[in-house]
Amino acid sequence: MSAAVLLMAYGSPDSPEQMGEFLRDVFRGRPVRPETVREFQERYRLFGGRSPLLEISLRQARALEKLLGMTVRVGMRHWRPTIRDAAKDLGDPIVGLALAPQYSRFSVGEYHRALREATSSRLILVESWHRQPKFLQAWGERISEGLERHSPDVLLFTAHSVPEDPEDPYARHLQETVGGIVPMIPADVRWEFAYQSASSAPLKWLGPDVDTRLKELRAQGHRKVMAVPVSFISDHAEVLYDLDHLHRRSAEALGMVLTRCESLNDHPLLIGALSDVVREVL
C-alpha cells in the first residue's frame, strides 16, 4: 500500500441542533450544561449556523491531492469525518498533518494521539510547519491585500491561546511565524501580538488577550486595527465569531474599528506549503 496524507482539524457541528453532541465530544463525555449549549448555538447563528471548516478543509485536501498525486483525506478530532474513520485503509505510511502550523501538545499533540489510537499503519507525524516559506508568503500576500483594503494603523497578529507550559514550544513557534512574516510587510506598519479564544477552564492561559491589547492601543491613540490570525489557516468559529463579532464589538466600544485580513483557506501558496511539507517528510 502506498503512502497517503491525513489532514487533521478540530471539527465543528453541521448545524446548531448538533451542538450538544459536539460539545459532549469536546468535553470527553462530561455533562454539558444546557445554557452552554444554547450559548454556542447562538454564536454559530451569528455567522449562518454552520462553520465552513469542513468544506474548506476538503477543498484543501482536493487541491493537495492534485498537487501531490497521492491520496489525501480529512479527519476531524471532534466531529465527522472522524480521524479514526478517515484513517481506515488509508495508506502505509500515513502522513499525519495537522492543519495547525505551530506545535502545542494541547493541539497538534492531541491530533497525533488520536491518530495513533486510530490505526496500526506506520505513521509519519508532522510536528510543525510554522516557518515553511510558502506559508509565510501566503500570509504576506493576504496582509498586503488587507493593508490596501482597510488602511489600518496597526496590525494585530493573533493566535489561539493555550494553557501556559514552559516546556511547550507553541509561543516560540508563534514568534518565529510572525518573525518570518514581518519582513514582507512595509517597515512603517506597526504590529502587535495578542492571544484569543481561551476557554473558561480554570487554568493560566497565554496572554495578553485581544481585548487587553486593544485597550492599550486605544490609549496610545490608535483607532484602526487589522487582525491577522496566524495560528489559524481557515475561516471557522474562532475567526468568524471571536474576531469578527466578539472582539469587533469590544473595539467599537472603545471607539475603534477592528477589521481582519482574509484567511488563507485554499490559497495556492498554502497548498504549495502543505505539499512541500509532505514531500520533505517522505
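This tour moves from the whole chain of a predicted model to its aromatic pairs and then to one loop residue.

**The whole chain**

Begin with the entire protein chain selected and coloured by secondary structure: ten helices and eight strands are present. The radius of gyration is 19 Å, close to the 19 Å that the globule rule gives for 282 residues, so the chain is as compact as a globular protein of that length. Aligned on its principal axes, the C-alpha trace spans about 60 × 45 × 35 Å.

Next, display the contacts. Of those with a separation of 6 or more, 79% are between residues 24 or more positions apart.

Switch to a surface representation. The accessible surface comes to about 13100 Å², and carbon and sulfur atoms contribute 49% of that area. Buried residues make up 54% of the 282 residues. Colouring by charge then brings up 36 positive and 38 negative side chains; the centres of these two sets lie 2 Å apart.

**The aromatic pairs**

Now select the aromatic side chains, among which the structure holds six pairs. Start with Y10 and F22, an edge-to-face pair with 6.5 Å centre to centre and 75° between the planes. This pair links distant parts of the chain: Y10 belongs to the loop between β1 (4–9) and α1 (19–26), whereas F22 sits in helix α1, twelve residues apart from Y10. Which of the two classes, buried or partly exposed, applies to Y10? Its relative accessibility is 32%, so Y10 counts as partly exposed. F22, by contrast, has a relative accessible area of 5% and is therefore buried, the cut-off for that class being under 20%.

Proceed to Y44 and F47, which form a tilted pair, 5.0 Å centre to centre and with 45° between the planes. Both of these residues are buried.

Return to Y10 and F22 and add W79 to the selection: ring pairs link Y10, F22 and W79 into a cluster.

**A loop residue**

Finally, select A201, in the loop between β6 (190–196) and α8 (210–219). Is A201 buried or partly exposed? The relative accessible area of A201 is 30%, so this residue is partly exposed. To close, draw a C-alpha to C-alpha distance from A201 to T212: the two are eleven residues apart in sequence and 19 Å apart in space.

How values were computed: Residues numbered from 1 in each chain as written. Predicted model: local features only at pLDDT ≥ 70, side-chain atom pairs only at ≥ 80, totals over all residues. Heavy atoms only, no water. Helix = DSSP H or I, 4+ residues; strand = E, 2+ residues; numbered from the N terminus. Rg over C-alpha atoms; globule rule 2.2 N^0.38 Å. Buried < 20%, exposed > 50% of the residue type's maximum accessible area, 1.4 Å probe, protein only. Contact = heavy atoms within 4.5 Å. Areas by Shrake-Rupley, 256 points an atom, 1.4 Å probe, with all protein chains shown as cover. Lys, Arg positive; Asp, Glu negative; His and termini not counted. Charge placed at Lys NZ, Arg CZ, Asp CG, Glu CD. Phe/Tyr/Trp six-rings, centres within 6.5 Å; stacked < 30°, edge-to-face > 60°.
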